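Visitor: I am new to this structure and would like to learn how to read it, one feature after another. Could you show me the model and then take me through it?

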Amino acid sequence: MKILIMVKRVTDPNVTIRPNTDSSNVDLTNVKMAMNPFCEIATEEAVRLKEAGIASEIIVLSIGDKQSQDQIRTSLAMGADRGILIETDATLEPLNIAKLAAKVIEEEEIDLVLLGKQSSDKDNNQTGQMLAAIKDWGQATFASKLDINNEKATVTREVDTGLQTIELTLPAVVTCDLRLNTPRFASLPNIMKAKRKPLVVKPIEEFGLDLTPRFKMLNVESPQVREAGDILGSVDELLEKLKTTEGVL
Amino acid sequence: MTILIIAEHDNSSLKEITLNTITAATEIGGDIDLLIAGETCTAAAEAAAKISGITRVLVADKPCYNGQLAENVAALIMSIASNYTHILAPSTANGKNVLPRVAAKLDVSLLSDVISVESPDTFKRSIYAGNIIATLQSLDPIKLLTIRGTSFSPSEQNGSATIEAVDGAFDEALSQFINNDTVVNERPELTSAKIVISGGRGMQNGENFSMLEKVADKIGAAVGATRAAVDAGFVPNDMQVGQTGKIVAPDLYIAVGVSGAIQHLAGMKESKVIVAINKDPEAPIFQVADYGIVSDLFDTLPELENAL
Ligand SMILES: Cc1cc2nc3c(=O)[nH]c(=O)nc-3n(C[C@H](O)[C@H](O)[C@H](O)COP(=O)(O)OP(=O)(O)OC[C@H]3O[C@@H](n4cnc5c(N)ncnc54)[C@H](O)[C@@H]3O)c2cc1C
Ligand SMILES: Nc1ncnc2c1ncn2[C@@H]1O[C@H](COP(=O)(O)O)[C@@H](O)[C@H]1O
């Protein structure tokens, strides 16, 4: 079974992002970048399936600028076999990311695609679902448990009211939630080994797709900040405030 | 303009967030239809017909919509999508599961978690863990949005929409529903509760969450948690509040043993009144809290329970 994992280079979640001077977009100059945390979970799950003898090969795909090779290398160091970077400096909408991934799948005969449930920079939560739609494959979003058996994937999903279990016929798309696994740290020898694993870079033009954005960013702004309030000395004082001043109790 | 809204329901009842989504649609303007896809969902459909502002309740009541599988519900939506200028769903696990699939089938983009309607084609959403609010204009012929419930007030319920059945049982046979393991909970739902009390890593373990539950039961609150508490296995994932969990905006939010990381704030900073109980006076949660108590939660929670 061949697995495709998709990893995205995002701004480090610990960095506070601000608007640029003319509020036309965010200011990302010199901002520290990282792998989207949910993509680490996708990578880990694929590697475990390979270690269990279920997966034969793990291909890692990223779409982004030249530096996205760093995140591909991280996946390779965790245990993926080879990487593909579709190189572009443009920020693409999930629809276009999904279209490009679908093209890669045409060339690679993939049985299972693992993605993160959402990207921590844009919180789209769309790409996996869109890819499944384009391929007309089954989808399981927000996976917290994945079992592969006889061409089927049994997936437990984190939903608003608890858990839902569904079964998918492969090939299929699964997006990974927090509790699916705890990603490993790549060991130094594996980081060294990953440098020699194959990584092909493809210019985006090669795919011949119309990737025109469907949204126009008109403006970005910082949200209103809340003011720090009062530190109180006792529970009684607190209840008094909540009952009398605020009327919320 | 004609707007289709995908209802959030569990067959027997309609979820409150559907009402917030209808308000967002009302701000766009035009006729609004509400789709209920499920199995034995007559009760939800009847509840929906009472909502003000909608023209028709469309009901697809078929075994293939049991569990609201994305493939089948998306195919159903596709069969009627061409009648609409906008398709909206609440930003819930279901809405996020289904609507992107519809978008790709229609070859349009989708805006997730919209917090404001500026005009029929321009919307605001929050990105970068709530650090940025972006205003975006859709250039697509059909606009697809998921709606953040806490950003819109619920619509009234004194309407009388007509109920119509939608034809077609779209069983794509790509996935199969096995079961739902639903958390049974006597407390109000997290996303619509008027009061939420959340515990963080400071709670130390799952058993200690009963201290929060006792307080919650005295004031009719829902209980939430940080990702650190979920990660550590104290409580289930459906209690997580934050950027990658649930978004809440109650009248009163009480954060106990919560540091106030930006990703947690992203899920609760629109609450009307925020209270923090934390032993570290430097904890960032105090920067957004209206009222704080710097103390050991293991002293303060029992005090609070007794005082209520
Ligand atoms: C991409 C991404 C997404 C994320 N999404 C979310 C999300 O949706 N929701 C979320 O919550 N987090 C999220 N996080 C995690 C977030 O960054 C923080 O790690 C998390 O919120 C911290 O949880 P905490 O406050 O419970 O734990 P900590 O930061 O460890 O804080 C514990 C607090 O408890 C206090 N404390 C300890 N003992 C006591 C005591 N006895 N009495 C009183 N106070 C005490 C401490 O002073 C401390 O302030 C995300 C992170 C990333 C990278
Ligand atoms: N540019 C990208 N390159 C590779 N994978 C991506 C990219 N954008 C999104 N993804 C994948 O889609 C998931 C969900 O992202 P999103 O739909 O943007 O929230 C991510 O966790 C990745 O697995």
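Guide: Let us begin with the surroundings of a ligand, keeping in mind that this is a predicted model. The shell around ligand 1 divides by class into eight nonpolar, 15 polar and five charged residues.

Visitor: Which residues come nearest to ligand 1?

Guide: Of the 28 residues around ligand 1, those that come nearest are Arg201(B), Thr226(B), Thr244(B), Ser259(B) and Gln263(B). Among the elements of chain B, helix 6 (227–231), helix 7 (262–265) and helix 8 (297–307) each supply at least two residues of this shell.

Visitor: Why is the site of ligand 1 described as shared between chains?

Guide: The site is shared because the residues that surround ligand 1 come from chains A and B.

Visitor: What polar partners do the oxygen atoms of ligand 1 have?

Guide: For such a reading one looks for pairs of N or O atoms within 3.5 Å. In this case an oxygen atom of ligand 1 is 2.7 Å from an N or O atom in the side chain of Gln263(B), and an oxygen atom of the ligand is 2.8 Å from a polar side-chain atom of Asn278(B). The backbone takes part as well, since a polar backbone atom of Gly245(B) lies 3.4 Å from an oxygen atom of ligand 1. Taken alone, ligand 1 exposes 980 Å², of which the protein buries 83%.

Visitor: How should I read the surroundings of ligand 2, and which residues come nearest there?

Guide: The reading follows a similar path, and here 17 residues lie around the ligand, with Met6(A), Ile63(A), Ser119(A), Asn125(A) and Thr127(A) coming nearest. By class, this shell has seven nonpolar, nine polar and one charged residues.

Visitor: Which atoms of the protein lie opposite the nitrogen and oxygen atoms of ligand 2?

Guide: A polar backbone atom of Ile63(A) is 2.7 Å from a nitrogen atom of ligand 2, while a polar backbone atom of Val7(A) is 3.5 Å from a nitrogen atom of the ligand. On the oxygen side, a polar side-chain atom of Thr127(A) lies 2.7 Å from an oxygen atom of ligand 2. On its own ligand 2 has 480 Å² of accessible area, and the protein covers 98% of it. Strand 6 (57–64) and strand 8 (112–116) of chain A are the elements that give two or more residues to this shell, and the largest share, three residues, comes from strand 6.

Visitor: How is the size of an interface expressed, and how much area do chain B and chain A bury between them?

Guide: The size of an interface is often given as the accessible area lost when the parts come together. Chain B and chain A bury about 6,900 Å² between them, with 54% of it on carbon and sulfur atoms, and 87 residues of chain B are in contact with 78 residues of chain A.

Visitor: How many salt bridges does the rule find across that interface?

Guide: The rule finds seven salt bridges across the interface; one of them joins Arg214(A) to Asp107(B), whose closest N and O atoms are 3.2 Å apart.

Visitor: Where does the backbone of chain A have a cis peptide bond or a positive phi?

Guide: Most residues other than glycine have a negative phi, and most peptide bonds are trans. Here, however, the peptide bond from Leu170(A) to Pro171(A) is cis, and Pro171(A) is found in the loop between strand 11 (162–169) and strand 12 (172–176) of chain A. Glu109(A), although not a glycine, has a positive phi of about 50°, and Glu109(A) is found in the loop between helix 3 (94–108) and strand 8 of chain A.

Methods. Residues numbered from 1 in each chain as written. Chains lettered and ligands numbered in written order. Predicted model: local features only at pLDDT ≥ 70, side-chain atom pairs only at ≥ 80, totals over all residues. Heavy atoms only, no water. Near = heavy atom within 4 Å. Polar contact = N/O pair within 3.5 Å; in protein donor to acceptor, adjacent residues only side chain to side chain. Areas by Shrake-Rupley, 256 points an atom, 1.4 Å probe, with all protein chains shown as cover. Helix = DSSP H or I, 4+ residues; strand = E, 2+ residues; numbered from the N terminus. Nonpolar A, V, L, I, M, F, W, Y, C, P; charged D, E, K, R; others polar. Contact = heavy atoms within 4.5 Å. Buried area = accessible area lost by both parts, 1.4 Å probe. Salt bridge = Lys/Arg side-chain N within 4 Å of Asp/Glu carboxyl O.
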